[in-house]
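Thanks for sending this one over. Below are my notes, set out as numbered points to read with the model open beside you.

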Amino acid sequence: MIGLAYALEYVIFVLLDSYHYDPGITSSRFIDGMFGSIASQAFAFPVAAITVVAYEWKFKQYIWVAVFFMGVEELFLALHIYEHEWWKTIYTGILMTIGFAIAKIWYYWMKTRYSTFLHVATLYFLMIAINCSIMFVASTILHLYYYKVGLFSDPNRDHINMNTIYVVVMTWMYVWIIVKRKSYLWKIAVIILMFIIDTVLLHTGILHSSRPFLRLTFLIMNVLDLWLIAFLNGKLLRHSFQRVR
């Protein structure tokens, strides 16, 4: 569910500039907003969704959870640590209710109609959550690198946009390789491809870093990422309720 929440947040927050958190953690308004967004999408909503699924709450029950989060949002607005651009609190309630319904359906399908598509989608969104979080820490907190494309006037928003696109594409290629291509030659080929892409991005001025070993760092991260996907793929296969067809 975190991966799905991240995907929706990318559209609503990064692309459409819907709202902003202002916890005062950094000097950048956008990065401050990212910290608030991650706290919401990586912790608050997933915990609520897991609770709804685990206790098998019905619609009349989990809609009150959505109402509770709407109340929290209104409190944050009153405390001036959160502000709307074009967003409305009711949108939060509606999307959270839909999200809880998706979580229940997804869990039901995992138990009763496990399929290749569901397997790949589960693995993909799981890795989106992990990779987006790792790359956010690596770039924004550790300052290993940053992207400069020029699509947005705010350099932090411009970076986060490109960083997200990079992670989405990279994760899709890695998941596809692990699930559909068992040969180690494919894994080596995609690692080489990503190394070439990183080199091109550096030389074209899209990817920037003051670290001399950035490409080596990315290479190691990519190898570990492939290993993690293979590991989680095996776990999903072993614990699936039906054999993937």
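1. Tyr147 and Tyr166 are both buried in this predicted model. Their ring centres lie 6.0 Å apart with the planes at 40°, and since edge-to-face needs over 60 degrees and stacked under 30, the pair counts as tilted. Tyr147 belongs to strand E3 (residues 146–147) and Tyr166 to helix H6, so the two sit 19 residues apart and link distant parts of the chain.

2. That pair has company: searching the whole structure turns up 24 aromatic pairs. Take Tyr62 and Phe100, whose ring centres are 5.9 Å apart; with planes at 75°, this pair is edge-to-face. Because Tyr62 is in helix H3 and Phe100 in helix H4, the pair ties together parts 38 residues apart in sequence. Tyr62 and Phe100 are each buried.

3. Do look at the aromatic cluster too. Ring pairs join Phe13, Tyr19, Tyr21, Phe30, Tyr82, Trp86, Trp87 and Tyr91 into it.

4. Helix H4 (residues 89–112) passes a simple length check. Its 24 residues, at 1.5 Å a residue, should span 34 Å, and the C-alpha atoms at its ends are 35 Å apart, which agrees. Buried residues of H4 include Thr89, Thr92, Gly93, Met96 and Phe100. A general point helps in reading such a list: an α-helix has 3.6 residues a turn, so residues three or four places apart point the same way. What covers the buried residues of H4? The cover includes H2, H3, strand E2 (82–84) and helix H5 (116–141).

5. How do H2 and H6 pack? Their axes are 7 Å apart and cross at an angle of about 45°, so the two helices are oblique to each other. Phe30, Ile31 and Met34 of H2 make the contact with Asn156, Arg157 and Ile160 of H6. By type, the residues of this contact are four nonpolar, one polar and one charged. Phe30 also appears in the aromatic cluster of point 3.

6. Finally, two backbone spots you may like to inspect. Asp17 has a phi near 50°, which is positive although the residue is not glycine. Asp17 sits in the loop between helix H1 (2–15) and strand E1 (19–21), and at 24% relative accessibility is partly exposed. Glu56, also not a glycine, has a positive phi of about 55°. Its loop runs between helix H2 (29–54) and helix H3 (59–78). Is Glu56 buried or exposed? With a relative accessible area of 52%, Glu56 counts as exposed.

Note on methods:
Residues numbered from 1 in each chain as written. Predicted model: local features only at pLDDT ≥ 70, side-chain atom pairs only at ≥ 80, totals over all residues. Heavy atoms only, no water. Helix = DSSP H or I, 4+ residues; strand = E, 2+ residues; numbered from the N terminus. Buried < 20%, exposed > 50% of the residue type's maximum accessible area, 1.4 Å probe, protein only. Expected span 1.5 Å × (residues − 1). Contact = heavy atoms within 4.5 Å. Axes fitted to C-alpha atoms, helices over the stretch in contact; angles between N-to-C directions. Parallel < 35°, antiparallel > 145°, perpendicular 65-115°, else oblique. Nonpolar A, V, L, I, M, F, W, Y, C, P; charged D, E, K, R; others polar. Phe/Tyr/Trp six-rings, centres within 6.5 Å; stacked < 30°, edge-to-face > 60°.
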